[in-house]
Amino acid sequence: METIVLGIGETLVRDDRRWASWANWLGVPPHTLGALVGAAVAQGREATDALRILRPDMDIEEAYRARAAAGRGEHLDESDLYQDVRPALGELRAAGIRVVVAGNGTVRAGELLRALDLPADLVVTSDEWGVRKPDPEFFARVAEVADAAPEATLYVGDHPADDLFPAAAAGMRTAHLRRGPYGHWWAEHPDVVERADFRIDALTDLAGLTGLTGPAGPGRPVGVAASDVSDAPPDEGPKVVRRGALRSVR
């Protein structure tokens, strides 16, 4: 791999603060909103549908602007990063890998992320590009900034429908990260097991993947390439829990 591209929410950044701030704005306990987010994820819906369950008539974009005007807009600092972010990205860059952060987010989120001075060559959000995942145009833009052929580009994310499938459709390699609600709940979905080139538990696993090749296989240990387990004893593969249909799973 020459370039590794990473999503933002629940890949680099914890979403705790985001949902807690929305709960505070709506006047509900954080655990109530958290439970509704979990229900939306389990049903294969967008996590923001949880907000619409609480306030069916709410315009989320308008509410976002109202929060910002009230001085309760987006905030992001070092405490919001997962602990493996800086070590992993730093290790990749030291190995000569181009590191790009590109995911769904506001213009403000992009400004806040760049202010953290991450060890990345580029940090950009969907609102800055004017197109959101999983739109194919988003991944066309990713291909442009990757500065590498699609097959030499690895896209890393937690959300199968927003990250894994459209990146693969664009010809990129993919790594599914078992992190956050989507990452954990859908990790053993048959489509994820079959289509992810790699499945990892932490960003620090990425350094070991940069020279590896081979399609995903149901008997591959998490974070290990198929080519590394050719002599391993066979197993029964992952135990699949029926989880319904994830939006865009195919």
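Ala, Val, Leu, Ile, Met, Phe, Trp, Tyr, Cys and Pro count as nonpolar, Asp, Glu, Lys and Arg count as charged, and the others, Gly among them, count as polar. With those classes in hand, let's walk through this structure, which is a predicted model.

## The chain as a whole

The protein chain holds eleven helices and six strands. It has 250 residues, and 49% of them count as buried. Take the contacts in the chain with a separation of 6 or more: 61% of these come from residues 24 or more positions apart.

## The largest pocket

How much space lies in the largest pocket? The figure is about 1300 Å³. The pocket is lined by 45 residues, and the closest to its centre are Asp 15, Arg 18, Asn 104, Gly 105 and Arg 132. Two or more lining residues come from each of these elements: α1, α3 (49-54), α4, α6 (107-115), α9 (160-169) and α10 (180-185). Helix α1 gives the most, with five residues.

Now the classes from the opening come into play. The lining of this pocket is made up of 19 charged, 16 nonpolar and ten polar residues.

## Where two helices meet

Helix α1 also takes part in a helix pair. Two packed helices are described by the angle between their axes and the distance between the axes. Here the partners are helix α1 (residues 16-26) and helix α4 (residues 60-69), whose axes come within 12 Å and cross at roughly 90°. Because angles of 65 to 115 degrees count as roughly perpendicular, α1 is roughly perpendicular to α4.

Which residues make the contact? From α1 they are Ser 21, Trp 22 and Trp 25, while α4 supplies Ile 60, Ala 63, Tyr 64, Ala 66 and Arg 67. By class, the residues of this contact divide into six nonpolar, one polar and one charged.

Arg 67, found in helix α4, deserves a closer look. Is Arg 67 buried or exposed? With a relative accessible area of 5%, Arg 67 is buried, because buried means under 20%. Leaving aside its neighbours within four places in sequence, Arg 67 is in contact with Ser 21, Trp 22, Trp 25, Arg 72 and Gly 73.

Back in helix α1 we find Asp 16. Asp 16 counts as partly exposed because its relative accessibility is 43%, and partly exposed covers the range between under 20% and over 50%.

## Asp 158 and its partners

Asp 158 sits in the loop between β4 and α9. This residue is buried, with a relative accessible area of 5%. Which residues does Asp 158 touch, leaving aside its neighbours within four places in sequence? Asp 158 is in contact with Gly 9, Glu 10, Thr 11, Asp 163, His 176, Leu 177, Arg 179, Tyr 182 and Gly 183.

Several of the residues we have met can be paired with a residue elsewhere along the chain. The table sets out three such pairs, with the separation of their C-alpha atoms.

| Residue pair | Separation along the chain | C-alpha separation |
|---|---|---|
| Asp 16 and Pro 30 | 14 residues | 9.4 Å |
| Arg 67 and Ser 21 | 46 residues | 9.5 Å |
| Asp 158 and Leu 177 | 19 residues | 4.7 Å |

Two of these pairs also appear among the contacts above: Ser 21 is one of the partners of Arg 67, and Leu 177 is one of the partners of Asp 158.

## Backbone details in the loops

Finally, have a look at the backbone in some of the loops. Which residues are joined by a cis peptide bond? They are Lys 133 and Pro 134, with omega about 5°. Pro 134 is found in the loop between α7 (126-129) and α8 (136-146).

Asp 117 has a phi near 55°, a positive value in a residue other than glycine. Its place is the loop between α6 and β3 (122-125). Asp 117 is exposed, with a relative accessible area of 62%.

Asp 147 has a positive phi too, near 60°, and is likewise a residue other than glycine. You can find Asp 147 in the loop between α8 and β4 (153-157). At 62% relative accessibility, Asp 147 counts as exposed, because exposed means over 50%.

Methods: Residues are numbered from 1 along each chain as its sequence is written. This is a predicted model: local features need pLDDT of at least 70, side-chain atom pairs count only at pLDDT 80 or more; totals for chains, interfaces and linings use all residues. Side-chain values use heavy atoms; hydrogens and water are left out. Axes are lines fitted to C-alpha atoms, for helices over the stretch in contact, and angles run from 0 to 180 degrees between N-to-C directions. Helices (H or I, at least four residues) and strands (E, at least two) are DSSP runs, numbered from the N terminus. Angles under 35 degrees count as roughly parallel, over 145 as roughly antiparallel, 65 to 115 as roughly perpendicular and the rest as oblique. Contact means heavy atoms within 4.5 Å. On a 1 Å grid over the protein atoms alone, a cavity is a set of points where a 1.4 Å probe fits but cannot get out, and a pocket is an open set with protein on both sides within 12 Å along at least five of seven lines; lining residues have an atom within 4 Å of a point. Grid points are joined across faces, edges and corners, and a volume is the space filled by probe spheres set on the points. Buried means under 20% relative accessible area, exposed over 50%, partly exposed in between (1.4 Å probe, protein chains only).
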